[in-house]
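Here are my comments on the model you sent round, set out as numbered points. Please read them with the coordinates open.

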Amino acid sequence: MDLHYQINGEGHPIVLLHSGGTDLRDWTFLAPLLAKDYKVVTFDVRGIGKSPSPIEKANYVEDLLLLIDHLELETATLVGHSIGGQIATEFALNYPEKVKNLILIAPSLSGFNYSQAFNEYINSINQVAPDIDQMLDVSLSGSLYQVVMSSPHRDIMIQMHRDYFHRVLTWPKFEIIWPQPPAIERLDELSMNTLFIIGEKDFQDNHRVAEHFNKVPNVRFFEIANADHMVTLTHPDELFAKIDNFMKE
């Protein structure tokens, strides 16, 4: 296993998958709370943080399978944030026997038709590459980061974002392989209990993604007030309470 990971706590295993623009530090505040009652696994996806860059195309779903098998986890709860939520969803659809519960925090979704505003935002970041300072300015000025950038966690967000861009720009080819057909066409197949959490002030596209998860048979939704996309940094106590209650129920 060449992915960088950390394990803390004992009990039912929970695997945390970080968002884009971050690394396992996404879980700096939530992981210690969960580790009081659970076995918590955090890791850097391939090409990010302390994990090696992909030699060819990245397959995050198969990487997660390798990690879970390496740790000899028969079943685990997956907590995925943003693209980490997309990975968790795809994994749950393809390996349902390995997923006890699915917890998604403002996940992205394969097959979802993102808005022109969102695509323009992403393109504006790419247009200033490889100037990392400009990439940071454009990216972190996005509305989905308005709360975290006005919070005491501004510095850790900037540092994670800087490190993220630095790593991504060293990849020989930035391309991710996703299972087919797209998850948006298969959400009604998710058989496990599912919790969907989103910040009130997250990007509107992420709220539109939430509407598609109404197709999931056993899903609950929670919106956290005055939170943006980085609810993991700004509202860890409230996030923990929602997750812990869901797990114990």
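**Notes on the predicted model**

1. Phe196 is buried, with a relative accessible area of 1%, and Phe213 is likewise buried, its relative accessible area being 0%. Before going further, please keep in mind that this is a predicted model, and that every value in this note is computed from it.

2. How far apart are the ring centres of Phe196 and Phe213, and at what angle do their planes stand? The centres are 5.2 Å apart and the planes lie at 50°, so the pair counts as tilted, given that the edge-to-face class begins over 60 degrees and the stacked class ends under 30. Phe196 belongs to strand 6 (residues 193-199), whereas Phe213 sits in the loop between helix 7 (204-212) and strand 7 (219-224), so the pair ties together parts that are 17 residues apart in sequence.

3. The search of the whole structure returns nine aromatic pairs. One of them joins Phe112 and Tyr114 in an edge-to-face arrangement, with 4.6 Å from centre to centre and 80° between the planes. Phe112 is buried at a relative accessible area of 8%, and Tyr114 is buried at 16%. These two residues also belong to one aromatic cluster, which is formed by Phe112, Tyr114, Phe118, Tyr121 and Phe203.

4. Turning to the sheet, seven strands form an open arrangement in the order 1-3-2-4-5-6-7, and the pairing is mixed. Strand 1 (5-8) and strand 7 stand at the edges with a single partner strand each, so one side of each is left without a neighbour in the sheet. From one strand to the next, the twist averages 15°.

5. Strand 6 deserves a closer reading, since six of its seven residues are buried and it is therefore largely enclosed by the rest of the structure. On one side, strand 6 pairs with strand 5 (residues 99-105) in the parallel sense over five bridges; in this pairing Asn101 stands opposite Asn193, and Ile105 stands opposite Ile197. Strand 6 is also joined to strand 7 by six bridges, and these two strands run parallel, with Arg220 of strand 7 as the bridge partner of Leu195.

6. Two helices that lie across these strands can be described by their angle to strand 6. Helix 7 lies across strand 6 and strand 7, running at about 160° to strand 6. Helix 9 (residues 236-248) lies across strand 2 (13-17), strand 4 (76-81), strand 5, strand 6 and strand 7, and its direction is at about 165° to strand 6.

7. Which residues touch the most other members of the largest nonpolar core? Of its 65 residues, they are Leu64, Leu78, Phe91, Tyr145, Met157, Leu190 and Phe213, the last of which is also a partner in the tilted pair of point 2. Helix 2 (residues 60-70) supplies the largest share of this core, namely six residues. A second, separate core holds 23 residues, among them Ala31, Tyr38, Val231 and Leu239. Once neighbours within four places in sequence are set aside, Leu64 is in contact with Val15, Leu17, Phe43, Leu78, Ile87 and Phe91.

8. Is helix 3 (residues 83-94) largely enclosed or largely open to the outside? Ten of its twelve residues are buried, so helix 3 is largely enclosed by the rest of the structure. The buried residues include Gln86, Ile87, Thr89, Glu90 and Phe91, and what covers the buried residues of this helix includes strand 2, helix 2, strand 4 and strand 5. As a check on its geometry, the twelve residues should span 16 Å at 1.5 Å a residue, and the end C-alpha atoms are 17 Å apart, which agrees.

9. A last point concerns Val128, which lies in the loop between helix 4 (116-127) and helix 5 (132-140). Val128 is buried, with a relative accessible area of 18%, against a cut-off of under 20% for that class. Not counting residues up to four places away in sequence, Val128 touches Gln134, Met135 and Val138. Its C-alpha atom is separated by 31 Å from that of Ile184, the two residues being 56 apart along the chain.

Terms used. Residues numbered from 1 in each chain as written. Predicted model: local features only at pLDDT ≥ 70, side-chain atom pairs only at ≥ 80, totals over all residues. Heavy atoms only, no water. Phe/Tyr/Trp six-rings, centres within 6.5 Å; stacked < 30°, edge-to-face > 60°. Buried < 20%, exposed > 50% of the residue type's maximum accessible area, 1.4 Å probe, protein only. Helix = DSSP H or I, 4+ residues; strand = E, 2+ residues; numbered from the N terminus. Core = buried A, V, L, I, M, F, W, Y, C linked by side-chain atoms within 4.5 Å. Contact = heavy atoms within 4.5 Å. Pairing = 2+ DSSP bridges. Axes fitted to C-alpha atoms, helices over the stretch in contact; angles between N-to-C directions. Expected span 1.5 Å × (residues − 1).
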